[in-house]
Amino acid sequence: MLTWLMENMATIIISAVLVLVVAAILVSMVRGKRKGKSSCGCGCAGCAMNGACHPAKPGTMGK
C-alpha cells in the first residue's frame, strides 16, 4: 500500500489541488448568488434574458 502511494504521489497531490480549486470556485459562486450578484458581471437592464433570470414579482408591474 505504501509503495502504491509513493508511486502515485504526484497524481494524488495534483488531484487534491484541483478539488480544492473547484471547491473554492463553487463557494465563491454560492456566496455571490446569495448576495444577488450577476454571474455575467454586467447589469441586467440591457440583458435579453432579464425576464427569465428575474421574473416579475406579483404587484411590481414588471419592474
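This is a short chat about a predicted model and its helices, surface and charges.

Visitor: How many helices and strands does the protein have?
Guide: There are 3 helices and 0 strands. Both are DSSP runs, with at least four residues (H or I) for helices and at least two (E) for strands, numbered from the N terminus.

Visitor: What is the span of α2?
Guide: α2 has 27 residues and reaches 39 Å from first C-alpha to last, close to the expected 39 Å. That expected span is 1.5 Å times one less than the number of residues.

Visitor: What follows α2?
Guide: G36, with a positive phi near 85°.

Visitor: And R34, buried or exposed?
Guide: R34 is exposed, at 74% relative accessible area. Exposed means over 50%, buried under 20%, partly exposed in between (1.4 Å probe, protein chains only). R34 sits in α2, residues 9-35.

Visitor: How much of the protein is buried?
Guide: Of its 63 residues, 2%.

Visitor: Any caveats on numbering and confidence?
Guide: Residues are numbered from 1 along each chain as its sequence is written. Local features need pLDDT of at least 70, side-chain atom pairs count only at pLDDT 80 or more, totals for chains, interfaces and linings use all residues, and side-chain values use heavy atoms, without hydrogens and water.
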